[in-house]
Amino acid sequence: MSRLMLILCFLLLSYSFFFCSSAAISPSAPLNSLLPSDAVSLLSFKSKADLDNKLLYTLNERFDYCQWRGVKCVQGRVVRFVLQGFGLRGTFPANSLTHLDQLRILNLRNNSLSGPIPDLSGLPNLKTLFLDHNIFTGTFPLSVLSLHRLIILDLSRNNFTGSLPVELTVLDRLNYLRLDSNWFNGSIPPLNQTQLQIFNVSNNNLTGPVPVTPTLKKFNIRSFLWNPSLCGEVVNKPCRSTPFFDSPSSAASPPTPLYQDAQSQGIVLTPPPQQKNKKVGVILGFVVGTLILIAAVLCLFTWVKKRRVETEPKATKCTIETITNSAVNTTASGTAGNSQEIKLEKEVKVPQGPQQQMKSGNLIFCSGETELYSLEQLMRASAELLGRGTIGTTYKALMASQLIVSVKRLDACKTSITSAEAFEQHMEAVGMLRHPNLVAVRAYFQAKQERLVIYDYQPNGSLFNLIHGSRSTRAKPLHWTSCLKIAEDVAQGLAYIHHASKLTHGNLKSSNVLLGSDFEACLTDYSLIALADISSDDDPDSARYKAPEVRKSARRASPGSDVYAYGILLLELLTGKPPSQHPHLSPPDMPDWVRAMREDDNEEDRWLAMLVDLASICSLTSPEQRPTMRQILKMIQDIKDSAMVENNKRDSHTGYS
């Protein structure tokens, strides 16, 4: 009997164990009763957003959700959820992450998530929201307006439509707002957030005048580009409230006959019979007059050409000095001090007359660019010498329209190995590159001895000046967080060049990294070195940036040589010392030298060590041993994430939120 009782007890226990296990994994079981609410939210999100099972979340343990990829907890609550670049495919389901009421940071950028954004009002503590580089649709998520602690909002590069809510002004803590590359329409709200430092609404369908608020006035035209119907003082484009040829008397004029009104709209209607002969006469008169005018123009054209041939001076040689006496000496970095104002047309010898009718004599705007100015307007601009670089001289040009651009005048001797056709093909490829960390090439020009490249003007100088300061003061190395931000910006720009095209930078150095309006690091002079044949002997100031395999000729530049230069630039950032003063040390000795140059305490030692290790592997002698720029970017973002987690821990201990 006792034996039978034992068997029955064993069967009962087995059944109970099986029942409980089945309930734990059954999809129909109420997860709320088995798991913490934050774990339920994460699993609900994964069920719809991770159709390819990229996130290997498991239910083996009850409280292990804080160890899941991208999840950071404080006291058992999720405060950070970062899934950047995980290749997620699916939708952002409602009633999932919106229950994480302690969430501070939500980052879903660079995935393939689609559909609308759900109600986010259940995230009252959210400070950072990155949803960019996905394929989200729908209108602007109005629930975001209830997130009053929001500091960073990025919805760029999606498929959002509709208008921007005027209530965006209620997010008074915003210092980062990117809405570019969507399909938003309507007007721009009168943003007045005093802390807003980064703002971009370019590449949408926005219309009307840009509100002239102190906040919006501090951003340059790059923040509003590719919205053809925007106008106003901020974008240097006048608004027209009435038709161009409208006049007060038009209101009192009699109604237009039906056939005339139809013709004005491009509709062909048969005019009244009594007008037919008159119309034929007008057409014949117009044709005869046009032929006479053409003949007169041809005669004048021939006479001007003959006079020009008789009086035209011979082409200038490469040794000609092209900078006026008003310009001051340039520094070794390729930048100049203050100089008197000059006229660009006095510096650049642009052929006049018939040649300007040829493509090679025109200002050629890059693919998709709006022709905001002509060659004549550019040549009449007031210019200021910015500096001499490896293959040319750079000017700041202020046109009559108050538009400011940078003009790079290429050295005719150094680029003479490149034919006119090859130059045009190369600049077409370079001009197609567009990235927030590249100084955009807007247009180019070539004719005889002159080749120009026109860029956006960057108002805050170069990284060289930021690192080294003036000659009269001893430069102090930048704080490591600033180094990390600049290093990430430069890596983003290089990675884009390498993977969006078959081009390389080829001439990376601190004077070729400019600081934009938001002090973002932007690469300039990228891919121009391919037009010239320059060895390290020609440019000794840049020799230390050159990888061993390209020191004989810069035209051998490759992604690997860009990586080498990046490593040298990173050491320059960390130490405040120009490359010519870097000692030749083995990787194990490099951290000690960097610490000695910085004279910092040990608080940031861990992060510095990571950045020094990265610089060391980038500048290895063998190209095969260097990482790619994508790998470098991943390493930098890992360092950044680790530092952010550490700061969150510190904040949680001090009670700051």
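Me: What makes Leu 291, Ile 294 and Leu 298 a nonpolar patch on the surface?

Reply: A patch is made of residues with over 30% relative accessible area and no salt bridge (a side-chain nitrogen of Lys or Arg within 4 Å of a carboxyl oxygen of Asp or Glu), with nonpolar side chains (Val, Leu, Ile, Met, Phe, Trp, Tyr) joined within 5 Å and like charges within 9 Å. Leu 291, Ile 294 and Leu 298 form such a patch, with about 300 Å² of accessible area together (Shrake-Rupley method, 1.4 Å probe, only the protein chains shown counting as cover). This is a predicted model, in which local features need pLDDT of at least 70 and side-chain atom pairs count only at pLDDT 80 or more, while totals for chains, interfaces and linings use all residues. Residues are numbered from 1 along each chain as its sequence is written, and side-chain values use heavy atoms, leaving out hydrogens and water.

Me: Why is Ile 294 called partly exposed?

Reply: Buried means under 20% relative accessible area, exposed over 50%, and partly exposed in between (1.4 Å probe, protein chains only). Ile 294 has 44%, so it counts as partly exposed. Ile 294 lies in helix 5 (residues 276-311); helices (H or I, at least four residues) and strands (E, at least two) are DSSP runs numbered from the N terminus.

Me: How do you know that Cys 66 and Cys 73 form a disulfide?

Reply: A disulfide is a pair of cysteine sulfur atoms within 2.5 Å. The sulfur atoms of Cys 66 and Cys 73 are 2.1 Å apart, so the pair qualifies. The link is left-handed, with -95° about the S-S bond. Cys 73 has a relative accessible area of 12% and is therefore buried.

Me: What makes Cys 231 buried and Cys 239 partly exposed?

Reply: Cys 231 is at 9% relative accessibility, so it counts as buried. Cys 239 is at 39% and therefore counts as partly exposed. The two form a disulfide, their sulfur atoms 1.9 Å apart, and this link is right-handed, with 105° about the S-S bond.

Me: How do you know that the span of helix 13 agrees with the expected one?

Reply: The expected span is 1.5 Å times one less than the number of residues. For the 14 residues of helix 13 (residues 605-618) that gives 20 Å, and the end C-alpha atoms are 20 Å apart, so the two agree. Its buried residues include Trp 607, Leu 611 and Cys 618.

Me: Why are strand 3 (89-91) and strand 7 (135-136) called edge strands?

Reply: The open sheet of three strands has the order 3-5-7, with parallel pairing. Strand 3 and strand 7 each pair on one side only. Two strands pair if DSSP finds at least two bridges between them; three bridges join strand 3 to strand 5 (residues 112-115), so these two pair.
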